[in-house]
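Please report on the local geometry of this model. Cover the strands, a helix, the backbone oddities and the ligand site.

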Amino acid sequence: MTSSALKPVQLVSVATAVPDCVLSNDELGQVVDTSDEWIFPRTGIRERRILPPDRSLVDLATAAGREAIARAQLDPMDIDIVILATSTASERFGSAGAIQGVLGAKRAVAFDLTAACTGFVFAVATAAQFLQTGCYRRALVIAADVLSRTVDWSDRRTCVLFGDGAGAVVLEAGQTAGLLGMELRSDGTGCDLLTLRNEAEPHQLTDSIQVGQYRNQFIAMNGREVYKFAVREVPEVLEKTLFHSGLEAKEVDGFFLHQANQRILDAIAARMDVPVERFASVMDRFGNTSAASIPLALADWVERGELTVGQLAVAAGFGAGLTWGAIAFRWGRLDD
Ligand code: ACO
């Protein structure tokens with residue numbers, strides 16, 4: 001199929017779901033030796049949301065997905081494909097199926113996609129392929145993570161950074177191009193910089209055979225190297241995406257980057273010579289929610305009227321893998 005035969009794709013709605021429970025920096029000071037004075041200036045984080053143990057990632061992701069479908073004025077039966085971007089699925093065989101079932105999106109094929117904090121960008125890019133080729137017409141991309149379940153709550157270097165949340169977008173094939181360009185990258189040589197491993201522990205099965213049994217490890221990271229990676233690579237991937245899209249940075253109304261750290265956003269904005277006010281920032285309220293952080297930032301701007309239908313946006317994710325990537329799009333349903 002030639003590129004001229006590809007169907008235009010639009011991002012027509014966004015919605016989020018976050019747990020009610022708020023954990024502030026001051027409260028974290030009762031858990032580990034830390035303080036708001038240490039955390040906020042270094043990260044931009046004031047508080048994060050925590051999912052209680054009796055609720056699941058599926059609950060959170062389904063709530064975001066259901067609302068995104070409603071905001072797109074659609075019925076779950078209109079959805080052809082559901083992609084769940086997550087690194088913290090409750091079901092290691094994949095949680096997208098459970099979400100599809102609860103939503104009643106019976107016609108949709110559903111699967112998980114794991115690309116850490118780049119998961120939202122990779123999932124939108126993946127869903128778009130099905131729509132551009134004409135295979136499907138409408139996709140639901142949900143990005144959800146519950147990192148509170150994966151951190152070592154006695155390790156102040158990591159536990160202060162992360163929180164729980166979900167965000168979802170509906171993509172639709174249309175007449176006018178919403179999605180304008182993308183650039184996706186991976187570098188597995190950096191896979192040890194950020195990890196959330198299943199380590200195989202030996203278990204003696206018979207006298208002569210040992211098997212490995214998975215044991216979940218906590219999140220581990222080399223914060224300084226991740227900072228250098230993000231500030232080096234993300235501006236380049238943003239520039240390439242803008243170039244593919246025929247855009248210049250000064251034309252973009254809103255930049256929606258993974259919400260890891262305010263200092264990373266400040267440095268990237270400075271490198272691109274873009275006022276940092278055009279970079280959405282919600283990490284003060286939610287911390288780092290991995291895959292969910294971009295749709296949380298996007299929804300914040302859309303709900304406050306900062307990004308309106310037809311305006312130009314760029315989203316960029318970066319994180320474990322290493323993975324990083326960006327998409328440029330004109331926001332909203334453009335054919336109405
Ligand atoms: N409270 C108080 N002190 C702390 C805390 C804390 N929460 N965390 C670390 N410290 C102390 C350490 O113990 C250490 O003290 P020591 O020198 O006496 O041993 C000192 O602060 C420096 O510790 P580092 O781990 O080296 O902290 P660093 O200066 O690198 O700052 C930070 C940590 C803010 C995370 C930084 O590495 C950073 O900005 N990284 C960017 C990447 C990032 O944000 N990653 C998040 C997830 S990755 C992703 O989403 C892609």
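Two strands pair if DSSP finds at least two bridges between them. Helices (H or I, at least four residues) and strands (E, at least two) are DSSP runs, numbered from the N terminus. This is a predicted model: local features need pLDDT of at least 70, side-chain atom pairs count only at pLDDT 80 or more, and totals for chains, interfaces and linings use all residues. Residues are numbered from 1 along each chain as its sequence is written, and side-chain values use heavy atoms, with hydrogens and water left out.

**Strand β4 and its neighbours**

Start with strand β4, residues 81-85. Five of its five residues are buried. Buried means under 20% relative accessible area, exposed over 50%, and partly exposed in between (1.4 Å probe, protein chains only). Ile81, Ile83 and Ala85 point one way from β4. Val82 and Leu84 point the other way.

Strand β5 (residues 109-113) runs parallel to β4, and five bridges join the two. Valine 109 in β5 is the bridge partner of isoleucine 81. Strand β6 (residues 138-146) is also parallel to β4, again with five bridges. Here isoleucine 83 stands opposite valine 141.

Helix α4 (residues 96-103) completes a β-α-β unit with β4 and β5, and the unit is right-handed. A crossover is right-handed if, with the strands pointing away from the viewer, the path from the first strand over the helix to the second runs clockwise.

**Helix α5**

How far apart are the end C-alpha atoms of helix α5 (residues 119-132)? They are 20 Å apart. The expected span of a helix is 1.5 Å times one less than its number of residues. For the 14 residues of α5 that gives 20 Å, so the model agrees with the expectation.

Eleven of the 14 residues of α5 are buried, so the helix is largely enclosed by the rest of the structure. Among them are Phe120, Phe122, Leu131 and Gln132. Just after α5 comes glycine 134, with a positive phi of about 90°.

**Backbone oddities**

Two residues other than glycine take a positive phi: aspartate 273 and serine 290. Their settings are set out below.

| Residue | Phi | Loop | Relative accessible area |
|---|---|---|---|
| Aspartate 273 | near 60° | between α8 (262-272) and α9 (283-286) | 71%, exposed |
| Serine 290 | near 55° | between α9 and α10 (293-303) | 4%, buried |

Where does alanine 291 lie? Alanine 291 is in the loop between α9 and α10. Alanine 291 is buried, with a relative accessible area of 1%. The C-alpha atom of alanine 291 is 6.4 Å from that of aspartate 145, although 146 residues separate the two along the chain.

There is also a cis peptide bond between glycine 321 and leucine 322, with omega of about -10°. Leucine 322 is in the loop between β14 (312-319) and β15 (323-330).

**A buried serine in β1**

Serine 13 belongs to strand β1 (residues 9-17). Serine 13 is buried, at a relative accessible area of 3%. A polar atom of its side chain lies 2.7 Å from the backbone oxygen of alanine 68. A polar contact is a pair of N or O atoms within 3.5 Å; within protein, one must be able to donate a hydrogen and the other to accept it, and residues adjacent in sequence count only if both atoms are side-chain atoms.

**The ligand site**

Which residues come nearest to the ligand? Of the 25 residues around the ligand, they are Thr34, Arg156, His258, Asn261 and Asn288. A residue is near a molecule if one of its heavy atoms lies within 4 Å of it.

Three side chains place polar atoms by ligand oxygens. For arginine 157, an N or O atom of the side chain is 2.9 Å from an oxygen atom of the ligand. For histidine 258, the distance from a polar side-chain atom to a ligand oxygen is 2.8 Å. For asparagine 261, the corresponding distance is 2.8 Å. The ligand on its own has 1,000 Å² of accessible area, and the protein covers 78% of it. Accessible areas come from the Shrake-Rupley method with a 1.4 Å probe; for residues, only the protein chains shown count as cover.

The elements that give two or more residues to the shell around the ligand are α2 (36-43), α6 (156-159), α7 (223-244), α8 and β14. Helix α7 gives the most, with four residues.
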